[in-house]
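Work through the exercises below with the sequence and the 3D view open. Each task is followed by a solution in steps.

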Number of protein chains: 2
Amino acid sequence: MSQRQSKSEAAGNRESERRRTILRAAIDVFARKGYHGCRIADVAREAGVAYGLVYHYFKNKDELLETVVETGWSGFVSRMRAVAEEESTSLEEKVRGIADVAFEAYRVDPRAVKVLILEVARSPAGTQVVSRQQAYLDTIRMAADMFARAQSTGELRADLDPMLCASLLFGAIELGLTAFVSGLMEDRGPEALERAKLQIAESFLRGVLPGAATPAEASWKQEKVSSGTRPKAGKRS
Amino acid sequence: MSQRQSKSEAAGNRESERRRTILRAAIDVFARKGYHGCRIADVAREAGVAYGLVYHYFKNKDELLETVVETGWSGFVSRMRAVAEEESTSLEEKVRGIADVAFEAYRVDPRAVKVLILEVARSPAGTQVVSRQQAYLDTIRMAADMFARAQSTGELRADLDPMLCASLLFGAIELGLTAFVSGLMEDRGPEALERAKLQIAESFLRGVLPGAATPAEASWKQEKVSSGTRPKAGKRS
DNA sequence: TCCCCGGCTGATTGGCGAATCAACGGGCCG
DNA sequence: CGGCCCGTTGATTCGCCAATCAGCCGGGGA
């Protein structure tokens, strides 16, 4: 059925135009009310099309989300992979590059990023289609590989767990973006984004690159001695 | 449902016992399938009680989640507040204390932590009851205040945004825990947790405490010179 | 002994929303 | 001109699940 582009080339265009309209509407609505918090009718209304048309282009509600996510995520991942696997750059540049990719994506389409963070990164693990969860985990693993390689060249402190480095970096970026998404950062202008990006990358790098022992490390060694028994921490009766 | 014999025990005891059983079951089921992915019937079955009893103790499904979250979160927050607002400790100790609280909570009850991360931290912003989202944001703000105070005493680099520091710390902790929750870290023994906690706290501190310029910073200054034009990063057609 | 009371039960209901489907219209081809 | 093809429409159907409610059971008081 796909061969039918017979109508003028405009027609073939038209079809995907509709589809794109619906996809765009889905992103906006998902960002606003969340996947579970919205009805297909909302998406249709937002897109200005009939209810049934959504089902003409997408098998069901889940496929709609899947498409939104896949589109946004695959672009993000491929850019990130390009950065992470580039042979000739230093770890530092790679880390900065990854922050670039993430923040640039947010600058270009904040709502799409919001959906990705909300529906992919934090989707209830077990339940959902595994592919989403998997894609996210694979990305972290990719970063972990990058860090592992950097260790072998001495660009990264040897005593760190690469997987944790990856978690740390992504966690910082993700919550950094969340601060913008959720309104924690009042200033959301491009310069504020830029500053945030730099602070995150720089703080992260400072923390994991090899270098002289910092006060932090020194005191860590004697933690138990100096602080004795801390009042408490955790426990939960 | 076969447990009928124990009527003789203290009646007052029994009521709250049942209630706690249901709450516990809810945590387990939410952790396994997510709030939206499970039915009240699942919770009842897990608890080994009749469907209707859940509604005897909780007004509706949402109140059930609310109770789970409030219980777990309030304990976490109060511990954290105690650490963050303690007058006589250094920023360093506070940060380590916060990591302690979070990782200890996970060690004690991983499933409860999973529910908190999934259903509180990343709940679709707009839709849900605001209180949940709010509680989370307030916690981050509390940490941001802590960092702001530390700046005024010179314990924290002055050029950092306190709110971003808080995001960075929580992001690192959260994704660190997520790595365990999701199975990214194969070793989930207590020692692995301990190591992860230390690495996260140490890397974070190294990154944000004042100190001599690190290689990271030094090389960052000349980045553009040494690397020329980076291919690209972000764009999205 | 009987009856009330309250914790407890689970079949039933009601509503919501995903997914279906029969029909429409307008372009295109023969 | 007439028939067909398909993108489009939106009322209708259907299944699911939260929430209800009429009633059960067993203890304790009269």
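**Exercise 1. Helix crossings between the chains**

Determine how helix 8 of chain A and helix 9 of chain B are oriented to each other.

Solution. This is a predicted model, in which local features need pLDDT of at least 70, side-chain atom pairs count only at pLDDT 80 or more, and totals for chains, interfaces and linings use all residues. Residues are numbered from 1 along each chain as its sequence is written, chains are lettered from A and ligands numbered from 1 in the order in which they are written, and side-chain values use heavy atoms, with hydrogens and water left out.

Step 1. Two packed helices are described by the angle between their axes and the distance between the axes. Axes are lines fitted to C-alpha atoms, for helices over the stretch in contact, and angles run from 0 to 180 degrees between N-to-C directions. Helices (H or I, at least four residues) and strands (E, at least two) are DSSP runs, numbered from the N terminus.

Step 2. Helix 8 of chain A spans residues 162-181 and helix 9 of chain B residues 190-208; their axes come within 11 Å and cross at roughly 50 degrees.

Step 3. Angles under 35 degrees count as roughly parallel, over 145 as roughly antiparallel, 65 to 115 as roughly perpendicular and the rest as oblique. Helix 8 of chain A and helix 9 of chain B are therefore oblique to each other.

Step 4. The crossing of these two helices is right-handed, a term for the near helix being turned clockwise from the far one by less than a right angle (anticlockwise is left-handed).

Now treat helix 9 of chain A and helix 8 of chain B in the same manner.

Solution. For helix 9 (residues 190-208) of chain A and helix 8 (residues 162-181) of chain B, the axes come within 11 Å, with a crossing angle of roughly 50 degrees. That makes helix 9 of chain A oblique to helix 8 of chain B. The crossing of this pair is right-handed.

**Exercise 2. The surface near DNA strand C**

Identify the residues that come nearest to DNA strand C and the parts of the strand that meet the protein.

Solution. Step 1. A residue is near a strand if one of its heavy atoms lies within 4 Å of it. There are 17 residues around DNA strand C, and A:Arg39, A:Tyr51, A:Tyr55, A:Lys61 and B:Tyr57 come nearest. Of the strand's atoms within 4 Å of the protein, 69% belong to sugar and phosphate.

Step 2. Look for polar contacts (pairs of N or O atoms within 3.5 Å; within protein, one must be able to donate a hydrogen and the other to accept it, and residues adjacent in sequence count only if both atoms are side-chain atoms). Phosphate oxygens of DNA strand C lie 2.9 Å from a polar backbone atom of A:Lys61, 3.0 Å from a polar backbone atom of B:Ala50 and 2.6 Å from a polar side-chain atom of B:Tyr57.

Step 3. Two or more residues each come from helix 3 (51-57) of chain A, and from helix 1 (11-33) and helix 3 (51-57) of chain B. Helix 3 of chain B gives the most, with 5 residues.

Step 4. The surface divides into 10 nonpolar, 3 polar and 4 charged residues. Here Ala, Val, Leu, Ile, Met, Phe, Trp, Tyr, Cys and Pro count as nonpolar, Asp, Glu, Lys and Arg as charged, and the others, Gly among them, as polar.

**Exercise 3. Burial in chain B**

Is B:Glu119 buried or exposed?

Solution. Buried means under 20% relative accessible area, exposed over 50%, partly exposed in between (1.4 Å probe, protein chains only). B:Glu119, in helix 6 (residues 110-121) of chain B, has a relative accessible area of 8% and is therefore buried. A polar atom of the B:Glu119 side chain lies 3.0 Å from the backbone nitrogen of B:Tyr35.

Classify B:Gly97 in the same terms.

Solution. B:Gly97 belongs to helix 5 (residues 91-108) of chain B. Its relative accessibility is 0%, so B:Gly97 counts as buried. B:Met80 is 17 residues away in sequence, with a C-alpha to C-alpha distance of 7.9 Å.
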